[in-house]
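User: Please take a close look at one part of this model, the salt bridges and how they connect, and then place the disulfide beside them.

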Amino acid sequence: QVQLVESGGGLVQPGGSLRLSCAASGFIFSYYAMNWYRQAPGKERELVATISSSGSITNYVDSVKGRFTASRDNAKKTLYLQMNNLKPEDTAVYYCYAPHSHSWGQGTQVTVSS
């Protein structure tokens, strides 16, 4: 069974930074691309970032470009999202997603507030 376990969420002030992690198991992690999504209350889930299997190619939604960086450590089977200069509008539950196996993590709450 594919399993994705997220960690690293929390409460941060505007302008602060946070790094999310997603530990993967149940598939050959290094073979496949991974995604980060987020969902705020009352809003649709949106794709935030994509990363290729090697980590060499990343793409981001316009609202986070220049502030967020997706990366991965294939030896540790872990996906990361480094979030810098956080804004209140970044507040959401963040999810990792494995497209190949159509599997979601449980989500981790990120709250950006003074």
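Analyst: The model is predicted. In it, the side chains of Arg67 and Asp90 meet in a salt bridge, with 2.7 Å from N to O. Arg67 sits in the loop between β6 (58–60) and β7 (68–73), and Asp90 in the loop between β8 and β9, so this contact ties together parts that are 23 residues apart in sequence. Arg67 has a relative accessible area of 8% and is therefore buried, the cut-off being under 20%.

Salt bridges that share partners join Arg67 and Asp90 with Arg38 and Glu46 into one network. Within that network, Asp90 also forms a salt bridge with Arg38, where the closest N and O atoms are 3.0 Å apart. Arg38 belongs to strand β4 (residues 34–39), whereas Asp90 is in the loop between β8 (78–83) and β9 (92–98), so the pair ties together parts that are 52 residues apart in sequence. Asp90 counts as buried because its relative accessibility is 1%. Arg38, with 6% relative accessibility, counts as buried too. Asp90 thus has salt bridges to Arg38 and to Arg67.

The count for the structure comes to four salt bridges. One of them pairs Lys65 with Asp62, the closest N and O atoms being 2.9 Å apart. Lys65 counts as partly exposed because its relative accessibility is 49%, which falls between the limits of 20% and 50%. Asp62 counts as exposed, since its relative accessibility is 62%.

Next comes the covalent link. A disulfide is a covalent bond between the sulfur atoms of two cysteines. A search of the whole structure finds one disulfide. This disulfide joins Cys22 to Cys96, with an S to S distance of 2.0 Å. The pair links distant parts of the chain: Cys22 is in strand β3 (residues 18–25) and Cys96 in strand β9, 74 residues apart. Both Cys22 and Cys96 are buried. The torsion about the S-S bond of Cys22 and Cys96 is about 60 degrees, so the disulfide is right-handed.

Strand β9 gives a point of reference for both features. Cys96 of the disulfide lies in strand β9, while Asp90 of the salt-bridge network lies in the loop between β8 and β9.

Note on methods
Residues numbered from 1 in each chain as written. Predicted model: local features only at pLDDT ≥ 70, side-chain atom pairs only at ≥ 80, totals over all residues. Heavy atoms only, no water. Helix = DSSP H or I, 4+ residues; strand = E, 2+ residues; numbered from the N terminus. Buried < 20%, exposed > 50% of the residue type's maximum accessible area, 1.4 Å probe, protein only. Disulfide = S-S within 2.5 Å.
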